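Work through the exercises below with the sequence and the model side by side. Each task is followed by a solution in steps.

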Amino acid sequence: MFGKHEGFHGRSFGPAHIGLLLVTLGLTGLAVYLTRKCKQKTFRRMYIGACCFLVVSEIIKWTWDGMVLKRIDFASTLPMYICSITMFVIPLALLCKGSVRQAALGHIATLNIIGAVAGVVFSTVILKFPFFHLNVINSFLYHAVLLFVGITAWTSKLYRPTVKDLGLFFLPCLVMAIPVIACDMRFGWDYMFLNKGFDTPFSILSRVLPQPVYIMVMLLGYYAVTVALFYIPTIVRAVRHRARPIATPESLWVEESNAATEEIVAEKANADCRQE
């Protein structure tokens, strides 16, 4: 089943790719629907299971490549993608508090979703292996779990965005970008698409921009797209809140005085009516 089948070798947006894409999104949507009434405690347990699955998935990928394919392609199998960050931050979201927890949940609920969707829409593994290859199936299941974790962070209300998160959610990505850029430059890899964006639309951008500028544009693009997709309502609420007049002792005294005056006028009017 997991051998090479030339007739079903994948290509971007071919029948195999579109079929796996629809199955991945369908299974994820079904899982979100079935768990919509679960309590937060249950979701925390699910996140533990999801983290374990992600780790086991990485081990399976390495074991399969080493034992069956007789080689490990370090250019594509290391957990250094945007979607790989979730495996490292789930424990932080469950065990830590304060800004660390909020930064971890912020990544899971935003950039993780973008990475998961991009991982199945712009899948590179389907270009390298046949349709029924274990690495292809493993990759799409991996991204389905990421997508489930990201969506349920919102539906379960485990994640509640704040204005401070505009600086926090991107920290895990920046931390991961440090070793990624170093390895991409040293070995010619393309993790997080920060080298050349091979086999993706980003390759067009990399051909016209100097490498440092391309990296900055990509990181700023990741940040801007995430803010636009997930944080606009939070920003709008914050602006509206700041636009409200601040209640000072003087303003409160004026409001109380006006209310008292209106009450006196109303009582006098009632008295005049009774006399008539």
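## Overall surface and fold

The chain has an accessible surface of about 16000 Å², and carbon and sulfur atoms account for 70% of that area. The model is a predicted one.

**Exercise 1.** State how many helices and strands the chain holds, and what share of its residues counts as buried.

Solution. Start with the elements: the chain has 14 helices and zero strands. Read from the N terminus, the order is therefore α-α-α-α-α-α-α-α-α-α-α-α-α-α. Next take burial: 40% of the 276 residues count as buried. Finally, look at the contacts with a separation of 6 or more: 72% of them join residues 24 or more positions apart.

## Helix geometry

**Exercise 2.** Work out what span helix α12 should have at 1.5 Å a residue, and compare it with the distance between its end C-alpha atoms.

Solution. Helix α12 covers residues 211-230, which is 20 residues. The expected span is 1.5 Å times one less than the number of residues, so α12 should span 28 Å. In the model the end C-alpha atoms of α12 are 29 Å apart, which agrees. As a last step, list the buried positions of α12: Q211, Y214, I215, M218, L219, Y222, T226, V227 and F230.

## Nonpolar cores

**Exercise 3.** Find which residues touch the most other members of the largest nonpolar core, and which helices supply at least two of its residues.

Solution. The largest nonpolar core has 51 residues, and V149, M192, L194 and Y222 touch the most other members. At least two residues of this core come from each of α2 (40-67), α4 (85-95), α5 (98-109), α6 (111-121), α8 (134-155), α10 (171-187) and α12. A separate core of 10 residues includes L20, V120, V136 and F140. For the background, nonpolar side chains in soluble globular proteins tend to be buried together.

To see the contacts of one core member, take V149: beyond its neighbours within four places in sequence, V149 is in contact with Y47, A50, I90 and I108.

**Exercise 4.** Decide whether L147 is buried or exposed, and list its contacts beyond four places in sequence.

Solution. L147 belongs to helix α8. Its relative accessible area is 7%, and buried means under 20%, so L147 is buried. Outside the neighbours within four places in sequence, L147 contacts L25, T28, I113, A116 and V117. For a distance across the chain, compare L147 with A109: the two are 38 residues apart in sequence, and their C-alpha atoms are 9.0 Å apart in space.

## A loop residue and a salt bridge

**Exercise 5.** Locate T110, classify its accessibility and name the residues it touches.

Solution. T110 sits in the loop between α5 and α6. With 0% relative accessibility, T110 counts as buried. Leaving out residues up to four places away in sequence, T110 touches W154, F169, T226, F230 and Y231.

**Exercise 6.** Which residue forms a salt bridge with K61, and are the two partners buried or exposed?

Solution. The structure holds one salt bridge. K61 pairs with E58, and their closest N and O atoms are 3.1 Å apart. Both residues lie in helix α2, three residues apart, which is about one turn of the helix. K61 has 16% relative accessibility and so counts as buried. E58, with a relative accessible area of 9%, is buried as well.

## Positive phi and a surface patch

**Exercise 7.** Give the phi value, location and accessibility class of K157, then do this for M192.

Solution. Most residues other than glycine have a negative phi. K157 has a positive phi, near 65°, and is found in the loop between α8 and α9 (165-168). At 47% relative accessibility, K157 counts as partly exposed. M192 also has a positive phi, near 60°, and is found in the loop between α10 and α11 (202-208). Its relative accessible area is 2%, so M192 is buried.

**Exercise 8.** Which residues form a nonpolar patch on the surface, and how is I18 classed?

Solution. The patch consists of F13, I18, L22 and F122, with about 380 Å² of accessible area together. I18 lies in helix α1 (residues 15-34). Its relative accessibility is 40%, so I18 counts as partly exposed.

Key: Residues numbered from 1 in each chain as written. Predicted model: local features only at pLDDT ≥ 70, side-chain atom pairs only at ≥ 80, totals over all residues. Heavy atoms only, no water. Helix = DSSP H or I, 4+ residues; strand = E, 2+ residues; numbered from the N terminus. Buried < 20%, exposed > 50% of the residue type's maximum accessible area, 1.4 Å probe, protein only. Core = buried A, V, L, I, M, F, W, Y, C linked by side-chain atoms within 4.5 Å. Contact = heavy atoms within 4.5 Å. Patch = residues over 30% accessible without salt bridge, like charges linked within 9 Å, V, L, I, M, F, W, Y side chains within 5 Å. Areas by Shrake-Rupley, 256 points an atom, 1.4 Å probe, with all protein chains shown as cover. Salt bridge = Lys/Arg side-chain N within 4 Å of Asp/Glu carboxyl O.
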